Amino acid sequence: MFRAVKTPLQVEVSLRGEKVLVKPVGIVETEKLLCRTLARCEEFLAQVFLQEHASVFSYDRLKSFFKQRGWKVVEG
């Protein structure tokens, strides 16, 4: 699991088997819907990316995907 940060949004990214899970963290109540929607979009894009690159499916590849999309990746 790692956190991806693109101020003001922070998401927690985890990989369970071959399924990507992206969950918003530290969200303000007034921005809850927006943050959840963005997290779902990122989750979908990451899942599609990993499916297209199934032969090299890995946790490091997932982190690299988020970095390429402008996210700062923080382990933890």
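E12 counts as buried, at 18% relative accessibility; here buried means under 20% relative accessible area, exposed over 50% and partly exposed in between, using a 1.4 Å probe and protein chains only. This is a predicted model, in which local features need pLDDT of at least 70 and side-chain atom pairs count only at pLDDT 80 or more, while totals for chains, interfaces and linings use all residues. Residues are numbered from 1 along each chain as its sequence is written, and side-chain values use heavy atoms, leaving out hydrogens and water.

Let's turn to the charged pairs. A salt bridge is a side-chain nitrogen of Lys or Arg within 4 Å of a carboxyl oxygen of Asp or Glu, and the count comes to five. The table lists some of them, with accessibility for each partner.

| Pair | N to O distance | Relative accessible area |
|---|---|---|
| E12 and R3 | 3.8 Å | E12 18%, R3 33% |
| E42 and R69 | 2.8 Å | E42 9%, R69 32% |
| K63 and E75 | 2.7 Å | K63 17%, E75 47% |

K63 lies in helix α2 and E75 in strand β4, so this pair ties together parts that are twelve residues apart in sequence. R3, E12 and K23 are joined into one network by salt bridges that share partners.

Now for helix α1, taken, like the other helices (H or I, at least four residues) and strands (E, at least two), from DSSP runs numbered from the N terminus. Its buried residues are C35, A39, E42, A46, Q47, F49 and L50. Seen down the axis of α1, they fall within an arc of 160°, so they line one face of the helix; the arc is that of the directions from the helix axis to the C-beta atoms. The face turned away from that side carries the exposed residues L33, L34, F44, Q51 and E52.
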